[in-house]
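Here is a walk through one protein chain, starting with a bit of vocabulary and then moving from the whole fold to a few particular spots. Keep the viewer open as you read.

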Amino acid sequence: MQPTFSGPRTFLQLPAALADGSAPDVTIVGVPFDLGTTNRPGSRFGPAAIREASLMLVDGDHPELRVNPATTLRAIDGGDLDIVNGYMDESLALIERQIADIPGHVITLGGDHTVTLPILRARAGRDGKGISLVHFDAHVDTWKDNFGGPVGHGTPFHYAAQEGLIDPKRSIQIGIRSPVDNETMDYTRDALGFTVITAEDVHVGGIEQVIAAIEKTVGNNPAYLTFDIDAIDPGQAPGTGTPEVGGLFTWQALAILKRLGGINWIGMDMVEVAPAYDQAQITALAAATFVWTYLCLLIKKGSSDE
Ligand SMILES: [Mn+2]
């Protein structure tokens, strides 16, 4: 076996296309876009950092789920999507078109959290029912503007709710703890109807009640996992643009994630990794491991559906 420190720098060293030329079941893409950032920029370098860190995960099975995404899935790393550098609206439209053209399951490496909006526009059914969002974040991301601009990394779920892409009443946020104006907090929880689990809820209540809340909120509705790395405490994930203290430990997020194999997942993104602020790749490795764990869930789900 090739050592983990050599070989191609794709996510889990996945190929760009399957050897037999068939369409993959799962496609990983990067979106090197951080124009929606409100504080420290740099998540445009997230995809490359997550891919590099993912090499630590190619040499074995998940110790409890007992599957290996690097060798088991019919998956590819499709490289980075095109963006229109410096142009918000044009980039979001181009990201949406490219995501819509990808067959099968898509996992996106961000990029700032703005990119989730065009992904949901491309993938969430526009039948008015709305998918469920399972949203790990320090921030609610339902603000109605982004410091003056209409769209940015603080606004994706305001627009997704208004456009009917998600059903907030069947959606849940985990890790919330940033300063937020009362109006936006009330809008998120009371008007839209999100279930909001704060970081302190996770610490004090424990992960079992979080898993139960996710399962109860989502049920069997199609669900999308959007994971902002700033859900994790900056002590364990400093490499991000808008850090907030008091966050989840990586073990808590992993322990929750690995139990969510019963959810009807339709896709995932891993956003807001900004490697310029990272130390010793710990943020990028955490992000890569969350994606790896999600891929394990897909394998388990696939084998149980057969
Ligand atoms: Mn976010």
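Helices and strands here are DSSP runs, with at least four residues for a helix and at least two for a strand, numbered from the N terminus. With that in hand, Gln13 can be placed in the segment before E1. Bear in mind throughout that this is a predicted model.

Let's stay with that segment for a moment. Gln13 isn't a glycine, yet its phi is positive, at about 55°. Leu12 also sits in the segment before strand E1, which covers 26–31, and Leu12 has a positive phi near 55° too, again in a residue other than glycine. As background, most residues other than glycine have a negative phi. Are Leu12 and Gln13 buried or exposed? Leu12 counts as buried because it has 23 C-beta neighbours inside 10 Å, and the cut-off for that label is 20 or more. Gln13 has 19 other C-beta atoms within 10 Å, so it comes out as partly exposed.

Now zoom out. The protein chain contains ten helices and eight strands. Its radius of gyration is 18 Å, close to the 19 Å that the globule rule gives for 306 residues, so the chain is as compact as a globular protein of that length. If you prefer a box, the C-alpha trace spans about 55 × 45 × 40 Å along its principal axes. Of the 306 residues, 52% count as buried. The contact map tells you about sequence range: among contacts with a separation of 6 or more, 78% are between residues 24 or more positions apart.

A good place to go next is helix H4, residues 116–123. Seven of its eight residues are buried, so H4 is largely enclosed by the rest of the structure. Which residues of H4 are buried? They are Thr116, Leu117, Pro118, Ile119, Leu120, Arg121 and Arg123, so two arginines are on a list set purely by the neighbour count, 20 or more C-beta atoms within 10 Å. What do they pack against? Their partners are helices H3 (88–100) and H5 (156–162), together with strands E3 (105–110), E7 (223–228) and E8 (265–271).

The packing of H3 on H4 can be described in some detail. Their axes are 8 Å apart and meet at an angle of about 40°, which makes H3 oblique to H4. The crossing is right-handed. On the H3 side, the contact is made by Leu92, Ile95, Glu96, Ile99 and Ala100, and H4 contributes Leu117, Pro118, Ile119, Arg121, Ala122 and Arg123. By class, that contact has eight nonpolar, no polar and three charged residues. The general helix geometry is handy for reading such lists: an α-helix has 3.6 residues a turn, so residues three or four places apart point the same way.

Just along the chain, in the loop between E3 and H4, you'll find Gly111. The peptide bond from Gly110 to Gly111 is cis, with omega near 15°. For context, most peptide bonds are trans.

A second helix pair is worth a look: H8 (residues 207–218) and H9 (residues 250–257). Their axes come within 10 Å and cross at roughly 45°, and H8 and H9 are therefore oblique to each other. H8 passes H9 in a right-handed crossing. Ile207, Val210 and Ile211 of H8 meet Gln252, Ala255 and Ile256 of H9. This contact has five nonpolar residues, one polar and no charged ones.

To finish, try two individual residues. His62 lies in the loop between helix H1 (46–54) and helix H2 (69–72). It has 19 other C-beta atoms within 10 Å, so His62 is partly exposed. Leaving out residues up to four places away in sequence, His62 touches Val67 and Cys296. How far apart in space are His62 and Trp292? Their C-alpha atoms are 8.8 Å apart, although 230 residues separate them in sequence. Thr71, in helix H2, is also partly exposed, with 13 other C-beta atoms within 10 Å. Its C-alpha atom is 9.4 Å from that of Asp59, twelve residues away along the chain.

Note on methods
Residues numbered from 1 in each chain as written. Predicted model: local features only at pLDDT ≥ 70, side-chain atom pairs only at ≥ 80, totals over all residues. Rg over C-alpha atoms; globule rule 2.2 N^0.38 Å. Buried ≥ 20, exposed ≤ 12 C-beta atoms within 10 Å, placed from the backbone. Contact = placed C-beta atoms within 7 Å. Axes fitted to C-alpha atoms, helices over the stretch in contact; angles between N-to-C directions. Parallel < 35°, antiparallel > 145°, perpendicular 65-115°, else oblique. Left-handed = near helix turned anticlockwise from the far one by under 90°. Nonpolar A, V, L, I, M, F, W, Y, C, P; charged D, E, K, R; others polar.
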